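Biologist: Before we discuss any descriptive words, could you put the sequence and the structure in front of us, and then let me ask how each word is earned?

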Amino acid sequence: MSRLPTRFAAVIVAFAVSFRQRRTWRRARALLVGAILAPGVRTVASVLRILGRAQTRRFGTYHRVLSRAAWSSRHASRRLLGLLVRAFVPAGPIVIGLDDTLERRRGRRIAALGIYRDPVRSSRAQVVKASGLRWLSVMLLAPIPWAGRVWALPFLTTLAPSERYEHAQGRRHKRLTERARQLLRQTQRWLTVIAPGRPLVVVADMSFAALELLAALAPTMTCILCLQLNAALAAPAPPRAPHSRGRSPKVGARRPTLKHVLADSATHWERTTVVGWYGGATRALDLATGTAVWTRKGLPVVPLRWVLVRDPAGHFAPQALLSTDPRLTPDAMVQYFVRRWQVEVTFAEARRHLGLETQRQWSERAIARTTPILLALFSVVTLLAHQLVRGGTLPTRQAAWYRKPAPTFSDALAAVRCHIWRRHVGHRQRFRPPARERDRPIIPHALLARLTEALCYVA
């Protein structure tokens, strides 16, 4: 069951160089195929059962792939990024999404456990906290041609433990923005080799709108984030007068806050149409823009372009965006930023279809490896489904009461599962039993097709 179909071999074998020992790679490859096929929970035991290895006596060797074996997850992330860029973004700017998520888990043996705000269950009126692990993930926001929209494809994920855990381990606590800077710098170094000379655009929410982070990333990439309406913006520093004394000013006169600009009747608004708004719709928006510098006492100065976004129909509250590249147009800023919502979609799909939050590892190394693997599995399945596309389309599940115009991740996962099952069962097999077993009933092809569909589409 762990043997790879021919169409998938080129994608899967690319990760073999990340493993030091060949036997570890063989077991890891089997676990990968089993994680794709397994429904429900994604434990090593469930993977072995779906592979037909429930009676394997040396089952502990598969657990040790995650807990003890020597292999580089960072090297595998780099290989995955290269495959994604070559498959879905062969030219043009590379757009990266950044966000954190909470993996809800309980257990005294989980050392890095903490209490965090649950972004899924919380709202503006109510904050819900839950016990779990916080992960910071970097994703490639790439248009999928056969899906007709942008998908967020994870390739690099790291654990972001709490300050209490870091102090208990005797380590300096790294804030979320510090870890974000490290991950994005690492991604930028990889892209200089994978896609040299290509512009890099990073989109994130307001929790990453920190001056230290923007100042560190602005020289090498463009950051587009949410901006608070009461942010202290100022004009650029005026030129220094000759023979003047004292230090040169860092900023100029204070500018009105964006909250005042929004309420000012003299603000100039331009109507634009945004394609691919949340939900894939086309939305008319009013935009107001300008340039300024953003700073606070003791912090670096960041030049930026701000954009106020207002809905003429009044369906959502106005919001502000910033770009560390003042030359970027407002329309381009909005088009880049609306891709960020796909990050939340990927987290939801990973929970629903890939068994995120169902694993039960207890060792620190296994915990640190399993969740990033499950998130990266979303990208691996997308790459494998891309190999099955013929004529620019992928088979989608249709019904008389539900017409799906474009495939979703569930269709991509089902197509990959069907191809693997047919590779091992043999869709050309006639299912004729031997002569001594002719009295046994033959499985009709229609029934076998329905059973395969039910197995491949189960979450």
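**How the words are earned**

Modeller: Arg283 touches Thr272, Thr273, Val274, Trp277, Asp311, His315 and Phe316, when residues up to four places away in sequence are not counted. Please keep in mind that this is a predicted model. Arg283 itself lies in strand β10, which covers residues 283-294.

Biologist: Why is Arg283 called partly exposed?

Modeller: The relative accessibility of Arg283 is 25%, and partly exposed is the class between the limit for buried, under 20%, and the limit for exposed, over 50%. Because 25% falls between those limits, Arg283 counts as partly exposed.

Biologist: How far is Arg283 from His268 in space?

Modeller: These two residues are 15 residues apart along the chain, and the C-alpha atoms of Arg283 and His268 are separated by 19 Å.

Biologist: Let us turn to a helix. What makes Thr24 count as buried?

Modeller: Thr24 lies in helix α2, residues 22-37, and its relative accessibility is 8%. Since buried means under 20%, the value of 8% puts Thr24 in the buried class. Leaving aside neighbours within four places in sequence, Thr24 is in contact with Phe19, Val65 and Ala69. The buried residues of α2 include Thr24, Trp25, Ala28 and Leu31.

Biologist: How do you know that the span of α2 is close to what is expected?

Modeller: Helix α2 has 16 residues, and the expected figure, at 1.5 Å a residue, is 22 Å, while the helix reaches 23 Å from its first C-alpha to its last. Setting 23 Å beside 22 Å is what lets us call the span close to the expected one.

Biologist: Why are α2 and α4 called roughly perpendicular?

Modeller: Helix α2 and helix α4, residues 60-67, pack at an angle of about 95°, with their axes 10 Å apart. Angles from 65 to 115 degrees count as roughly perpendicular, and therefore α2 and α4 are roughly perpendicular to each other. The contact brings Thr24, Arg27, Ala28, Ala30 and Leu31 in α2 together with Thr61, Tyr62 and Val65 in α4. By class, this contact of α2 with α4 has five nonpolar, two polar and one charged residues.

Biologist: What makes α2 roughly perpendicular to α12 as well?

Modeller: The axes of α2 and α12 come within 11 Å and cross at roughly 85°. That angle lies in the range of 65 to 115 degrees, so α2 is roughly perpendicular to α12. Leu32, Ala35 and Ile36 of α2 make this contact with Leu377, Val381 and Leu384 of α12. Sorted by class, the residues of the contact of α2 with α12 are six nonpolar, no polar and no charged.

Biologist: Why is α5 called oblique to α7?

Modeller: Helix α5, residues 73-88, and helix α7, residues 176-194, pack at an angle of about 55°, with their axes 10 Å apart. An angle of about 55° is neither under 35 degrees nor over 145, and it is also outside the range of 65 to 115, so α5 is oblique to α7. The crossing in which α5 passes α7 is right-handed. Among the residues that meet there are Arg74, Ser77 and Leu81 in α5, and Gln186, Trp190 and Leu191 in α7. The residues of the contact of α5 with α7 divide into six nonpolar, four polar and three charged.

Biologist: What makes the phi of Glu357 worth pointing out?

Modeller: Most residues other than glycine have a negative phi. Glu357 is not a glycine, yet its phi is positive, at about 75°. Glu357 is placed in the loop between α11 and α12. At 21% relative accessibility it is above the limit of 20% for buried, so Glu357 counts as partly exposed. Gly355, just after α11, also takes a positive phi of about 75°.

Biologist: How do you know that the span of α11 is close to the expected one?

Modeller: Helix α11, residues 341-353, has 13 residues and reaches 19 Å from its first C-alpha to its last, against the 18 Å expected at 1.5 Å a residue. Its buried residues include Gln342, Val343, Phe347 and His353.

Biologist: And how much of the protein chain is buried?

Modeller: Buried residues make up 49% of the 459 residues in the protein chain, whose secondary structure comes to 14 helices and twelve strands.

Terms used
Residues numbered from 1 in each chain as written. Predicted model: local features only at pLDDT ≥ 70, side-chain atom pairs only at ≥ 80, totals over all residues. Heavy atoms only, no water. Axes fitted to C-alpha atoms, helices over the stretch in contact; angles between N-to-C directions. Helix = DSSP H or I, 4+ residues; strand = E, 2+ residues; numbered from the N terminus. Left-handed = near helix turned anticlockwise from the far one by under 90°. Contact = heavy atoms within 4.5 Å. Nonpolar A, V, L, I, M, F, W, Y, C, P; charged D, E, K, R; others polar. Expected span 1.5 Å × (residues − 1). Buried < 20%, exposed > 50% of the residue type's maximum accessible area, 1.4 Å probe, protein only.
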